[in-house]
Amino acid sequence: MERSLAVIGVGNIANNHISGYLNNPNVELYAFCDINEERLKAKGAHHGVTRLYTSAEEMVNALPELDAVDVIYVMFSTPLICSSRGAITAFWIVSAEAPG
């Protein structure tokens, strides 16, 4: 069963995550979200992802069909938005990485 996945934060660290997802036949890269619109559009074009958002809250509300969210290197408020605005009630799988 293929899972639809959104990646929040598509900077350099995201390349490692995205590479892994591309090698997993059970994952569809479904949407990207990043506050840097230029980087977001470039990453979307490179990977053929057309659902692009600059707001995590907008993405969460617009895509109830998502199965999973990978939150990469973002500020505290974005994971909070994901959990409080639908991720838990939608039974999403949420993965998070932050600077260590």
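Modeller: Let's start with an idea we will need: two strands pair if DSSP finds at least two bridges between them. Keep in mind that this is a predicted model.

Biologist: Thanks! With that rule, in what sense do β1 and β2 pair, and over how many bridges?

Modeller: β1 and β2 run parallel, with six bridges linking them. One partnership to look for is Leu5 with Leu29 of β2.

Biologist: And how many bridges join β2 to strand β3?

Modeller: Two bridges connect β2 to β3, a strand of residues 52–53, and this pairing is parallel as well. Look at Cys33: its bridge partner in β3 is Tyr53.

Biologist: What do β1, α1 and β2 make?

Modeller: To judge the hand of a crossover, point the strands away from you and follow the path from the first strand over the helix to the second; if the path runs clockwise, the crossover is right-handed. Here β1, α1 and β2 form a right-handed β-α-β unit. Another right-handed β-α-β unit is built from β2, α2 and β3.

Biologist: Now for burial. How many residues of strand β2 are buried?

Modeller: A residue counts as buried when its relative accessible area is under 20%. In β2, which spans residues 27–33, six of the seven residues are buried, so the strand is mostly covered. In β1 (residues 3–8) you can look at Ile8, which is buried at 3% relative accessibility. The C-alpha atom of Ile8 is 7.1 Å from that of Ala56, although 48 residues separate the two along the chain. Over in strand β3, Tyr53 is buried too, with a relative accessible area of 13%. Between the C-alpha atoms of Tyr53 and Leu40 the separation is 7.9 Å, and these residues are 13 apart along the chain.

Biologist: Which are the buried residues of helix α1?

Modeller: Helix α1 covers residues 14–22, and its buried residues are Ala14, His17, Ile18 and Tyr21. Viewed down the axis of α1, they fall within an arc of 95 degrees, so they line one face of the helix. The general idea is that an α-helix has 3.6 residues a turn, so residues three or four places apart point the same way.

Biologist: Let's move to charges. How many salt bridges does a search of the whole structure find?

Modeller: The general idea is that side chains of opposite charge can pair when their charged atoms come close. Searching the whole structure turns up two salt bridges. One of them joins the side chains of Arg39 and Asp34, at 2.8 Å from N to O. Arg39 is partly exposed at 35% relative accessibility, while Asp34 is buried with a relative accessible area of 6%.

Biologist: And where do Glu37 and Lys41 lie?

Modeller: Both are in helix α2, residues 37–47, and they sit four residues apart, about one turn of the helix. The side chains of Glu37 and Lys41 form a salt bridge of 3.4 Å, N to O. Glu37 is partly exposed, its relative accessible area being 44%.

Biologist: Last topic, the rings. What sits over the ring of Tyr30?

Modeller: That is the charged end of Arg51, 3.7 Å from the centre of the Tyr30 ring. For ring-to-ring contacts, the cut-off is 6.5 Å between the centres of Phe, Tyr or Trp rings. By that rule the structure has zero aromatic pairs.

Conventions:
Residues numbered from 1 in each chain as written. Predicted model: local features only at pLDDT ≥ 70, side-chain atom pairs only at ≥ 80, totals over all residues. Heavy atoms only, no water. Salt bridge = Lys/Arg side-chain N within 4 Å of Asp/Glu carboxyl O. Buried < 20%, exposed > 50% of the residue type's maximum accessible area, 1.4 Å probe, protein only. Phe/Tyr/Trp six-rings, centres within 6.5 Å; stacked < 30°, edge-to-face > 60°. Lys NZ or Arg CZ within 6 Å of the ring centre and 35° of its normal. Arc of directions from axis to C-beta.
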